[in-house]
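Hi,

Here is the structure I said I would pass on. Have a look at it first, and then read my notes underneath.

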Amino acid sequence: MTSQTDIAAVIQQTPLVDTHEHMRGEESYLEECPDILGQLFQNYVPADLFVAGASKEALDKLLDSSDPDVAARFAPVQEAWARVQHTGYGEAVSIIASDLYGIEELTPDSIAAAQEKNTGFLQPGERLRLLRDEANLDHIQTDAFTIQVTPDRSGPDFFFYDISWAEMCSGKPNHEEIAKHTGLEVSDLTSLRRVMETIFQEFSTPAIAVKSQHAYNRTLRWQERSDAEAAKALDIYLRDGEAIDETARLTLGDWCWARGVELCIEHDLPMKLHTGYYAGHSRMPVDYIRSGNLCPLLAKYPDARFVLMHIAYPYTEELVALAKHYPNVYADLCWAWSINPYSSMEFVRRFIHAAPANKLFLFGGDTGYPGAALAYAKQARTWFTRAMQAEISEGLLTEKQAIDLARRFMHDNQYECFRVEKKKEVLRAAVT
């Protein structure tokens with residue numbers, strides 16, 4: 001006889017590795033000083049609210065913290081909120097409301113009454129406490145949209161950062177950022193290659209991974225490009241800047257992408273790639289986002305470690321197949337639980353019975369504020385518990401097997417892929 005409560009307890013108690021955030025730094029978070037509506041709604045739910053009928057003006061007002069009347073700011077979106085409260089995004093907002101503010105039903109009056117509690121979440125060190133102690137996260141990995149990575153003194157062995165490769169993969173290397181962080185300029189292909197090598201020499205040691213979300217502005221389909229083709233494309237970019245034509249941009253982006261993968265191999269870093277669903281609304285060219293577009297790249301670089309993010313939703317079955325087929329592919333449920341928790345639960349169950357157990361990462365919040373990450377982590381634990389209890393109840397896993405898998409998916413797989421223990425040692429030493 002198996003006990004579902006044992007697997008539930010293990011899932012609650014196991015420190016959860018958070019593989020993806022856009023978490024504000026300590027100073028930025030305190031300077032932004034989000035009010036209660038910012039804490040509740042400055043995440044992904046505005047897209048659902050807009051699709052449900054809220055106007056852009058109402059959403060702008062909702063998040064305008066210069067107006068202290070939080071009740072009046074929420075009232076215009078209250079009807080849209082009623083329509084989205086059961087989506088994954090809506091469920092996460094409800095968790096923030098109940099866990100941080102004691103609000104059981106969001107209304108203008110309940111929000112106004114709870115606003116005074118917000119000050120307590122805007123104190124030095126509170127960001128770390130919420131994430132580490134309340135959310136029970138082992139550490140978080142943040143994409144801060146920059147090539148520079150340095151130790152975070154507010155929690156050096158807790159806050160990890162990615163090197164951003166998005167602009168490189170997009171075929172638009174950022175001259176200003178390159179000059180700021182490397183002291184170098186891009187004038188030809190040789191100097192661009194030198195810039196890339198310098199970025200990794202300077203920042204790969206503290207970095208946890210390299211990250212790119214270029215699927216937002218180009219296809220994930222990769223082609224091998226010669227140095228001569230890339231040099232010609234770079235000349236066009238240096239001449240035309242943002243007006244570079246699409247053919248040249250893709251050529252340069254593919255070349256930069258490949259050089260980034262090679263440097264990841266050299267410096268023992270995984271490469272994280274956004275696949276699947278877009279944030280926002282009203283613009284999602286679905287032919288860009290399929291993880292299957294990556295097959296030529298996966299085959300070209302068998303020694304790289306590719307972390308394919310967001311379970312490529314809605315192309316989830318395709319990602320299961322890639323993780324099953326390619327030794328160098330890992331599937332990451334970051335953000336997926338809030339996009340569609342039911343599909344994510346089913347994804348975990350399908351993955352268990354198709355792909356090797358070391359290939360799945362359970363969680364990343366993909367948020368900017370600690371309260372949202374806490375809520376998204378709770379959401380992930382709840383739905384993951386449902387998935388594993390179902391596996392036990394249906395006799396597909398023993399309780400021990402389910403517990404072993406839970407620890408793998410929540411913690412152990414990430415430690416292995418990202419060399420977490422080694423990185424923690426490096427970052428601790430860097431600030432002593």
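Ser282 sits in the loop that runs between strand 5 (271–274) and helix 16 (295–300). I'd start there, keeping in mind that this is a predicted model. Its phi is near 70°, a positive value in a residue other than glycine. Most residues other than glycine have a negative phi, which is what made me stop at this loop. With 70% relative accessibility, Ser282 counts as exposed, because the cut-off for that is over 50%.

Trp335 makes a nice counterpart. Phi of Trp335 is also positive, near 70°, and again the residue is not a glycine. You'll find Trp335 in the loop between strand 7 (329–332) and helix 18 (336–339). Buried or exposed, though? Trp335 is at 1% relative accessibility, so it counts as buried, the limit being under 20%.

Two other backbone spots are worth a click. The peptide bond from Tyr313 to Pro314 is cis, with omega near 10°, whereas most peptide bonds are trans. Pro314 belongs to the loop between strand 6 (306–309) and helix 17 (316–325). The other spot is Asn136, which follows helix 10 and has a positive phi, near 55°.

Now the sheet. It is an open one made by 8 strands, in the order 1-2-3-4-5-6-7-8, and the pairing is parallel. Strand 1 (16–21) and strand 8 (360–361) are at the edges with a single partner strand each, so one side of each has no neighbour in the sheet.

Further in, strand 5 and strand 6 pair in the parallel sense over 4 bridges. Which residues of strand 6 act as bridge partners here? Met309 is the partner of His274, and Val307 is the partner of Lys272. In a regular strand the side chains alternate between the two faces of the sheet. Strand 6 is covered on both faces: Phe306 and Leu308 are buried on one side, and Val307 and Met309 are buried on the other. So Val307 and Met309, the two bridge partners just named, share a face of the strand, and that face is covered.

Helix 10 (residues 126–134) is the one I looked at for packing. Its buried residues are Glu126, Arg127, Leu128, Leu130 and Leu131; note that Glu126 and Arg127 are on that list along with the leucines. What covers them? The cover includes helix 2 (26–32), helix 8 (88–101) and helix 20 (370–393), plus two strands of the sheet, strand 2 (137–142) and strand 3 (159–164).

Finally, the overall picture. There are 22 helices and 8 strands in the protein. The radius of gyration is 22 Å, close to the 22 Å that the globule rule gives for 432 residues, so the protein is as compact as a globular protein of that length. Its C-alpha trace spans about 65 × 55 × 50 Å along the principal axes. Of the 432 residues, 58% count as buried. Among contacts between residues at least 6 apart in sequence, 77% join residues at least 24 apart.

On the surface side, the protein exposes about 17,400 Å², with carbon and sulfur atoms supplying 49% of it. As for charge, there are 42 positive and 63 negative side chains, and the centres of the two sets lie 4 Å apart.

Cheers

Key
Residues numbered from 1 in each chain as written. Predicted model: local features only at pLDDT ≥ 70, side-chain atom pairs only at ≥ 80, totals over all residues. Heavy atoms only, no water. Rg over C-alpha atoms; globule rule 2.2 N^0.38 Å. Buried < 20%, exposed > 50% of the residue type's maximum accessible area, 1.4 Å probe, protein only. Contact = heavy atoms within 4.5 Å. Areas by Shrake-Rupley, 256 points an atom, 1.4 Å probe, with all protein chains shown as cover. Lys, Arg positive; Asp, Glu negative; His and termini not counted. Charge placed at Lys NZ, Arg CZ, Asp CG, Glu CD. Pairing = 2+ DSSP bridges.
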